[in-house]
Amino acid sequence: GLSGRYKLLIQFAVSIAVCSWLFYGESGLPEDWLEVRQRLSLPFVAFERHPIILPKWLCVGFASFVMVGTSNAVNLTDGLDGLAIGPVMISAATYAILAYLAGLTIFGNDVAAYLHIPHLSSASELAIYCASVIGVGFGFLWYNTYPAQIFMGDVGSLALGGGLGALAVVTKNEVLSIILGGVFVTEAVSVILQVGYFKSTGKRIFLMAPIHHHFEKLGWPEPKVIVRFWIVSIMLAVAALATLKLR
């Protein structure tokens, strides 16, 4: 029953509190995180060769935006049966791989250094969380697949989106999350463009926003929209993983 502005206010309050601890805190945080937390990791760019160091206040603001933005983007995607949980599980699986590699050491050799990504020894533990999301997602999808018997709702979509945003931050994949979560980004951008264009011109860009409803208005059956969005999400996940070697 909260209005949009109050919902965003609470989300930013929580995310800023968490990110302030991540970027300003000292106790309870791994040493390797303290070394890299202010550095920005870019896809296709070797992490150790091109250091981009941001001030802590900017790190907090950027990370909070990633968390809140991802949370609401997943919420906007949750409009058709099974549409949101598919890309959420695909993203979680990708983050599981990225997190595990970031903390993996083989025969004394640092895998992260070989792949030119940030080394975070404790990040591999996040793979457990990612696996939990995938497992729960399968159980949920069993009943949420078209035609759905149960629904995700705001409680589920906002929480799962916030979890994905947090994974992007603590694995130093904030920018890569734009590629990996391309389906979520597109859904959110379609709403922003639709609302902004309508307020300024009185006309619409899409037949209906978010964009999955646009395809429905074009005559696509709901299952076709869902499966094709899943396919796009898988392709984006492959592209995100490909950046590990294209550096």
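**Cysteines, helices and a proline contact**

User: Happy to look at this one together! Which residues does P43 touch, not counting residues up to four places away in sequence?

Analyst: Glad to help! This is a predicted model, where local features need pLDDT of at least 70, side-chain atom pairs count only at pLDDT 80 or more, and totals for chains, interfaces and linings use all residues. Residues are numbered from 1 along each chain as its sequence is written, and side-chain values use heavy atoms, with hydrogens and water left out. Taking contact as heavy atoms within 4.5 Å, P43 touches V175, L176, I179, T243 and R247, with residues up to four places away in sequence not counted.

User: Where is P43, and is P43 buried or exposed?

Analyst: P43 sits in the loop between α2 (31–36) and α3; helices here are DSSP runs (H or I, at least four residues), numbered from the N terminus. Buried means under 20% relative accessible area, exposed over 50%, and partly exposed in between (1.4 Å probe, protein chains only). With a relative accessible area of 13%, P43 is buried.

User: How many Å separate the C-alpha atoms of P43 and N173?

Analyst: Along the chain, P43 and N173 are 130 residues apart. In space, their C-alpha atoms are separated by 8.3 Å.

User: How do the axes of α3 and α9 cross, and at what angle?

Analyst: Axes are lines fitted to C-alpha atoms, for helices over the stretch in contact, and angles run from 0 to 180 degrees between N-to-C directions. The axes of α3 (residues 56–77) and α9 (residues 182–201) come within 8 Å and cross at roughly 80 degrees. Angles of 65 to 115 degrees count as roughly perpendicular, so α3 is roughly perpendicular to α9.

User: Which residues of α3 and α9 meet?

Analyst: On the α3 side the residues are A73, V74, L76 and T77. Their partners in α9 are V183, F184, E187, A188 and V191.

User: Why is there no disulfide at C59?

Analyst: A disulfide is a pair of cysteine sulfur atoms within 2.5 Å, and the structure holds zero of them. C59 is buried, at 5% relative accessibility. The closest cysteine sulfur to that of C59 is in C19, too far for a bond at 9.7 Å.

User: And how far is the sulfur of C130 from the closest cysteine sulfur?

Analyst: C130 also counts as buried, at 0% relative accessibility. Its closest cysteine sulfur is in C19, too far for a bond, at 17 Å.

User: Which residue just after α7 takes a positive phi?

Analyst: Helix α7 (residues 153–170) has 18 residues. Among its buried residues are L158, L164 and L167. Just after α7, a positive phi of about 60 degrees is taken by K172.

Conventions. Helices (H or I, at least four residues) and strands (E, at least two) are DSSP runs, numbered from the N terminus. The expected span of a helix is 1.5 Å times one less than its number of residues. Angles under 35 degrees count as roughly parallel, over 145 as roughly antiparallel, 65 to 115 as roughly perpendicular and the rest as oblique.
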